[in-house]
Amino acid sequence: MIMASNLDASLEQGTQRTLLWKFLIDHEPLMRKRCQQLTRNPQDAEDALSELRLRLFTLLLREPGRLEGIDNVPAWLRRVASNHCIDRLRSTPLTCNLDWLDQQLHDNAAWQPHQLGPERQACLQEAVEVLDKALNRLPPNLGQALEQHCICGVEYVELAGLLHVSEPNLRKRVQLARRQLRDWLGALCEAGNEG
């Protein structure tokens with residue numbers, strides 16, 4: 001008797017899972033479109049959509065009556081997708097951001113050379129030299145990926161083909177290179193502030 005009730009509960013749960021997954025697949029185009037609108041590139045949109053499907057599946061499996069209280073399911077799904085993508089963007093560090101140096105060079109050296117004092121010019125030159133040394137310390141595969149993407153502006157898809165690696169592998173290389181640069185340059189800044 002107990003085994004029969006366990007079997008019935010198991011079959012009911014299996015049916016519930018199947019129906020829930022079908023619901024998510026049926027609404028996938030709506031959620032995909034929203035993820036594509038809010039993310040930086042198609043790969044990020046697919047990652048966000050995959051995470052969102054699993055999150056919703058877990059939530060709705062845990063709270064099966066949740067959908068019954070929602071009047072406009074498509075609008076709710078768009079809002080949930082938007083919130084998920086925004087959370088994801090906030091928690092993911094930018095893959096590249098060397099703009100501070102470009103801005104310093106542009107503002108100080110290119111447009112206002114007469115306003116640069118000797119100390120400021122020396123500091124800026126030193127920053128460029130430190131960055132160059134840090135870039136040269138990177139392993140060749142990381143340094144090349146970072147330089148081509150962040151400095152030369154080559155898109156991931158094109159650069160992956162040029163370097164004969166997958167796009168996820170290339171993204172990881174850039175991420176590792178940035179992390180090493182951040183660690184090295186952070187240590188130099190701290191040492192400079194102590195001195």
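**Close-up 1. Ala 145, a buried spot in helix H7.** Ala 145 has 0% relative accessibility, so it counts as buried (buried means under 20% relative accessible area, exposed over 50%, and partly exposed in between, with a 1.4 Å probe and protein chains only). Its home is helix H7, residues 140-151 (helices are DSSP runs of H or I with at least four residues, strands are runs of E with at least two, and both are numbered from the N terminus). Ala 145 and Val 174 sit 5.8 Å apart, C-alpha to C-alpha, although 29 residues separate them in sequence. A word on the source: this is a predicted model, where local features need pLDDT of at least 70 and side-chain atom pairs count only at pLDDT 80 or more, while totals for chains, interfaces and linings use all residues. Residues are numbered from 1 along each chain as its sequence is written, and side-chain values use heavy atoms, with hydrogens and water left out.

**Close-up 2. The whole chain, for orientation.** The protein chain has nine helices and zero strands. Read from the N terminus, the elements go α-α-α-α-α-α-α-α-α. Of the 195 residues in the protein chain, 29% are buried.

**Close-up 3. Glu 28 and its two arginine partners.** The structure holds eight salt bridges (a salt bridge is a side-chain nitrogen of Lys or Arg within 4 Å of a carboxyl oxygen of Asp or Glu). In one of them, Glu 28 meets Arg 32 at 3.1 Å, N to O. Glu 28 and Arg 32 are four residues apart in helix H2 (residues 28-38), so about one helical turn separates them. Glu 28 also pairs with Arg 53, and here the closest N and O atoms are 2.8 Å apart. That second pair links distant parts of the chain, with Glu 28 in helix H2 and Arg 53 in helix H3, 25 residues apart. How does burial look here? Glu 28 has a relative accessible area of 13%, so it is buried; Arg 53 is buried as well. Arg 32, at 25% relative accessibility, counts as partly exposed. Zoom out a little and Glu 46 joins in: Glu 28, Arg 32, Glu 46 and Arg 53 are linked in a network of salt bridges.

**Close-up 4. A salt bridge between helices H4 and H3.** Arg 88 and Glu 51 form a salt bridge whose closest N and O atoms are 2.9 Å apart. Arg 88 belongs to helix H4 (residues 73-91) and Glu 51 to helix H3, so the pair ties together parts that are 37 residues apart in sequence. Arg 88 is buried because its relative accessible area is 17%, whereas Glu 51, at 35%, is partly exposed.

**Close-up 5. Trp 21 and Phe 57, ring against ring.** The structure holds one aromatic pair (rings of Phe, Tyr and Trp, the last by its six-membered ring, pair if their centres lie within 6.5 Å; planes under 30 degrees apart count as stacked, over 60 as edge-to-face and the rest as tilted). The partners are Trp 21 and Phe 57, which meet edge-to-face at 5.3 Å centre to centre with 80° between the planes. This pair links distant parts of the chain: Trp 21 is in helix H1 (residues 2-26) and Phe 57 in helix H3 (residues 42-62), 36 residues apart. Phe 57 counts as buried because its relative accessibility is 15%. Trp 21, at 32%, counts as partly exposed.

**Close-up 6. A nonpolar patch that includes Trp 21.** Trp 21, Ile 25 and Leu 54 make a nonpolar surface patch of about 270 Å². Patches are made of residues with over 30% relative accessible area and no salt bridge, with like charges joined within 9 Å and nonpolar side chains (Val, Leu, Ile, Met, Phe, Trp, Tyr) within 5 Å. Accessible areas come from the Shrake-Rupley method with a 1.4 Å probe, and for residues only the protein chains shown count as cover. Leu 54 is found in helix H3.

**Close-up 7. A negative patch with helix H6 in the lead.** Glu 126, Glu 129, Asp 132 and Glu 147 form a negative surface patch. For the sign, Lys and Arg count as positive and Asp and Glu as negative, with His and the chain ends not counted; a charge is placed at NZ of Lys, CZ of Arg, CG of Asp or CD of Glu. Helix H6 (residues 118-137) supplies the largest share of the patch, three residues. Asp 132 is in helix H6 and is partly exposed, with a relative accessible area of 42%.

**Close-up 8. His 164 and its positive phi.** His 164 lies in the loop between helix H8 (156-163) and helix H9 (167-194). Its phi is near 60°, a positive value in a residue other than glycine. Most residues other than glycine have a negative phi. His 164 is exposed, with a relative accessible area of 72%.
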